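Subject: Structure handover

Hello,

Here is the structure we talked about. Please open it and keep it in view while you read the notes below.

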Amino acid sequence: MDYKKLREEMVKKQLIPRGINDRKILDAFLKVERERFVPLSSRRDAYRDFPLSIGEGQTISQPYMVALMTQCLELTGSEKVLEIGTGSGYQTAILALLSRQVYSVERIPSLAERAKKLLSEMGYSNVRIFVGDGSMGLKEYSPYERILVTAGAGDIPPPLIEQLDEEGIMVIPVGDVYSQELIVAKKQKGKILKRKVERCVFVPLIGKYGWEGRID
Ligand code: SAH
């Protein structure tokens, strides 16, 4: 498989025509080897235009959705970013290339471990991965200039609003368990201004301020 060619095609056919036009973001997608983040058995599909299963009932998001969420974050390179839902770690790698420091929280220990190992093997030194309920954020290192939630919530978890810095941007899918709307929330003078981007489907955010109100 010529993965470099598949990456180029993904950028040309899936991202640019749908409005992903930030050169730095496109370069990050040309660089990160997405095939390393999916199970061996689905490597051939790593660059296809849909999400893939990564085990534990979870998914690696569709490339376009990762790119759209990244573009909505308006990263300049200097930010401290909080990501909720590490999953495969692919989005984490993209964020690591475009920001100063990434803190990522995953509730399933086996996924967190795998992502941690892979990202360190790949040489990402500005990433820290934590196991826990990300619906409560990660207070210890707050405030964050950017927050990205990659699982669907019923509403924005209040701790995330608290941990978002003034003038900060949060991107989060909000809706019901089966479908959501991607929301961009900006914090200005302590208030949250929300904008809807587009419909999307994510696995549910499970936790105190997510669905089920508990951690398994
Ligand atoms: N960005 C990831 C998406 C993974 S799917 C990728 O592209 O690979 C969403 C992830 O959110 C799953 O791994 C799921 O286990 C995790 N998740 C769900 N609820 C969570 C919570 N409360 N805290 C942290 N992670 C959570």
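The lining of the largest pocket has 13 nonpolar, 13 polar and four charged residues. Please note that this is a predicted model. The space in that pocket comes to about 380 Å³. Its lining takes in 30 residues, and G85, G87, E106, T150 and A151 are the closest to the pocket centre. Five elements give two or more residues each to this lining: β2, α3 (63-72), β3, α4 (90-98) and β4. Of these, β2 gives the most, with three residues.

Now the ligand. Where does the ligand sit? It is found in the largest pocket. Around the ligand there are 26 residues, and S88, E106, D133, G134 and I206 come nearest. So E106 turns up twice: among the residues closest to the pocket centre, and among those nearest to the ligand.

Three polar contacts are worth a look.

- D133: a polar side-chain atom lies 2.9 Å from a nitrogen atom of the ligand.
- G134: a polar backbone atom is 2.8 Å from a nitrogen atom of the ligand.
- I206: a polar backbone atom is 2.5 Å from a nitrogen atom of the ligand.

How much of the ligand does the protein cover? On its own, the ligand has 580 Å² of accessible area, and the protein covers 99% of that.

What is the shell around the ligand made of? By class, there are 12 polar, 10 nonpolar and four charged residues. Three strands supply at least two shell residues each: β2 (58-60), β3 (80-84) and β4 (101-106). Here too, β2 gives the most, with three residues. That strand also leads in the lining of the largest pocket.

There is a second pocket to check. The second largest pocket has a volume of about 190 Å³. Which residues line it? They are R36, F37, V38, P39, S88, E113, R114, A115, K117, L118 and E121. By class, this lining has five nonpolar, one polar and five charged residues. S88 links the two parts of this note: it lines the second largest pocket, and it is one of the residues that come nearest to the ligand.

If you want a place to begin, go to D133, with its side-chain contact to the ligand. Then move to the backbone of G134 and the backbone of I206. Finish at S88, in the lining of the second largest pocket.

Best wishes

Terms used: Residues numbered from 1 in each chain as written. Predicted model: local features only at pLDDT ≥ 70, side-chain atom pairs only at ≥ 80, totals over all residues. Heavy atoms only, no water. Near = heavy atom within 4 Å. Polar contact = N/O pair within 3.5 Å; in protein donor to acceptor, adjacent residues only side chain to side chain. Areas by Shrake-Rupley, 256 points an atom, 1.4 Å probe, with all protein chains shown as cover. 1 Å grid on protein atoms, 1.4 Å probe; cavity = no way out; pocket = protein on both sides within 12 Å on 5 of 7 lines; lining within 4 Å. Sits in = over half its atoms within 2 Å of the grid points. Helix = DSSP H or I, 4+ residues; strand = E, 2+ residues; numbered from the N terminus. Nonpolar A, V, L, I, M, F, W, Y, C, P; charged D, E, K, R; others polar. Points joined across faces, edges and corners; volume = space filled by probe spheres on them.
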